[in-house]
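I opened the model and kept notes as I went. The entries follow in the order of my lookups.

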Amino acid sequence: MSRKDEKRLSPSSEAIASAVGDETVILHLKTGAYYGLDPVATRIYQLLKEGRSPAAICAQMVEEYDVSQTVIEADVKRLLAELEETQIVVNPDHSDD
Amino acid sequence: MGKRAELQVPRSAGLAPNHRCGFDSWTIIYSAKRDAIIHRARLLWTEDTNALTISVVDNPHGGSNHVVTFCDLAQFVIRPSALEIVVIPLDDQLSVNTIDHLLVDQIWPRLVAHNGQLVIHASAAANKDGAIMAVGQSGRGKSTLAASLHQRGLSLLGDDAIVISQQSGMSHCRAVYQSLRLFPDSIASVFDAPVTQSEVAAYTAKRNIRLDGTAEDTFSHPIRAIFFLDADDGHSRAASEEIAPADACMRLIEHSFWLDPTDVLRTADKLKSASALASGVPCFQLSFPRDFDRIGELHDTIFEALQ
């Protein structure tokens, strides 16, 4: 993951999450939209909540899953972009929430 | 707000201005004129069809009041601190039946939900093995399915608002109020003999059905399965497909009643309740042809899924 992808992201205070089995459902309070995360996305979201950077999340996922670094990085990048677009995660440096 | 376990179904008693009608600890007041307070209300939520809006207005005596508006029909001002619901007709021809229907069908489930319980827009029928819930948008066949299961020997809990509770780690359900409302073609298809029926409301052709000789089932039943009724009419045969708990949880939230969707604590509780329900109960997508003559196939599909 390149340095330009390495921006800080954290769960929005407007989003609440609930575990459903090994998956997660997240509800955005302001937009009323809700999202489901599969087990892999749930793990990425957990690591994000722990304050890990995208690069650190990728490193951890490579250790835990039998998938190549390239695939993991692409998956993490895509998920974080989706979550940011839907305001589930925000860049705390640019957020007023 | 009254005690959560003791909320009872409201029954109005006539549409006279300023008439007061008590139920449980709440009072319904019919007002002939619009309340100026409504003009200061802050919009919280508008239903997709724009038929219903919910607003909130600060109460000068503390707390807040919610205003539920049904387009061109009526407004209901909910005053929790005074335990009052003020009904303001927006249509001079508004009938008592219509107000009653809106009260029990839309307002009361939202109050129960606001009181901390998960209320799902669903029908439910039960036997000794537990309850079967059918969830779906209006017009998808929830009531017809519940009525047909009742004809097959199950007890009818309700056809519109089902409240969920957790008891000894198991999800249970009961109706917020028992009802069965069907369109005339469903009535003719489901029942072999004439049934007692009455108007639901002026704006719908659905009819209230009274199931003569059947005791009301107001008990909580363990939930055996939840079926989400497919919106697609084009299926050639009945089929069920189990859906993942997270997907089921989102669908349950989508089909739940709210009074204040911006209330963070209540929303968190609701999500927690829906998560527990979806995690512990098998949930299925149910697709079927819209053909009354083939409702037996639909039953077979449901009971096969329960095996």
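**Surface and burial.** I took accessible areas from the Shrake-Rupley method with a 1.4 Å probe; for residues, only the protein chains shown count as cover. On that basis chain B has an accessible surface of about 13,800 Å², 47% of it from carbon and sulfur atoms. For chain A I noted about 5,400 Å², with 48% belonging to carbon and sulfur atoms.

Before going on, I wrote down the ground rules. This is a predicted model, where local features need pLDDT of at least 70 and side-chain atom pairs count only at pLDDT 80 or more, while totals for chains, interfaces and linings use all residues; side-chain values use heavy atoms, with hydrogens and water left out. Residues are numbered from 1 along each chain as its sequence is written, and chains are lettered from A and ligands numbered from 1 in the order in which they are written.

I then looked up burial (buried means under 20% relative accessible area, exposed over 50%, partly exposed in between, with a 1.4 Å probe and protein chains only). In chain B, 53% of the 307 residues count as buried. In chain A, buried residues make up 37% of the 97 residues.

**Secondary structure.** I used DSSP runs numbered from the N terminus: helices are H or I with at least four residues, strands are E with at least two. Chain B has six helices and 18 strands. Chain A has three helices and five strands. Along the sequence, chain A reads β-β-β-β-α-α-α-β.

**Contact range.** Contact here means heavy atoms within 4.5 Å. In chain B, I took contacts between residues at least 6 apart in sequence; 62% of them join residues at least 24 apart. In chain A, I took contacts with a separation of 6 or more; residues 24 or more positions apart account for 51%.

**Helix packing in chain A.** Axes are lines fitted to C-alpha atoms, for helices over the stretch in contact, and angles run from 0 to 180 degrees between N-to-C directions. I picked H1(A) (residues 39-49) and H3(A) (residues 69-85); their axes come within 11 Å and cross at roughly 70 degrees. That crossing makes H1(A) roughly perpendicular to H3(A). The classes are under 35 degrees for roughly parallel, over 145 for roughly antiparallel, 65 to 115 for roughly perpendicular, and oblique for the rest. H1(A) brings Ala41(A), Ile44(A), Tyr45(A) and Leu48(A) to the contact, and H3(A) brings Val76(A), Leu79(A), Leu80(A) and Leu83(A). I sorted these residues into eight nonpolar, no polar and no charged. Ala, Val, Leu, Ile, Met, Phe, Trp, Tyr, Cys and Pro count as nonpolar, Asp, Glu, Lys and Arg as charged, and the others, Gly among them, as polar.

**Helix packing in chain B.** Next I took H2(B) (residues 142-151) and H6(B) (residues 295-306). Their axes come within 11 Å and cross at roughly 85 degrees. H2(B) and H6(B) are therefore roughly perpendicular. On H2(B), the contact uses Thr144(B), Leu145(B), Ser148(B) and Leu149(B); on H6(B), Ile295(B), Leu298(B), His299(B), Ile302(B) and Phe303(B). The split is six nonpolar, three polar and no charged.

**Interface.** How many residues does each chain give to the contact? I found 17 from chain B and 14 from chain A. Buried area is the accessible area (1.4 Å probe) that two parts lose on being put together, summed over both. Between chain B and chain A about 1,200 Å² is buried, and carbon and sulfur atoms give 77% of that. Ala246(B), Met250(B) and Leu271(B) supply 43% of the area chain B buries against chain A, more than any other three residues.

**Two positive phi values.** Most residues other than glycine have a negative phi. Gln87(A) has a positive phi of about 65 degrees. I located Gln87(A) in the loop between H3 and strand E5 (89-90) of chain A. Gln87(A) is partly exposed, at 41% relative accessible area. Asp72(B) also has a positive phi, near 65 degrees. Asp72(B) lies in the loop between strand E5 (64-70) and strand E6 (74-79) of chain B. Asp72(B) counts as exposed at 56%.

**Two strand residues in chain B.** Ser55(B) is in strand E4 (residues 52-58). Is Ser55(B) buried or exposed? Ser55(B) counts as buried, at 9% relative accessibility. Beyond residues up to four places away in sequence, Ser55(B) touches several residues, among them Leu43(B), Asn65(B) and Val67(B).

Gly130(B) is in strand E9 (residues 130-135). Gly130(B) is buried, with 2% relative accessible area. Leaving aside neighbours within four places, I listed Ala125(B), Pro222(B) and Arg224(B) as contacts of Gly130(B).
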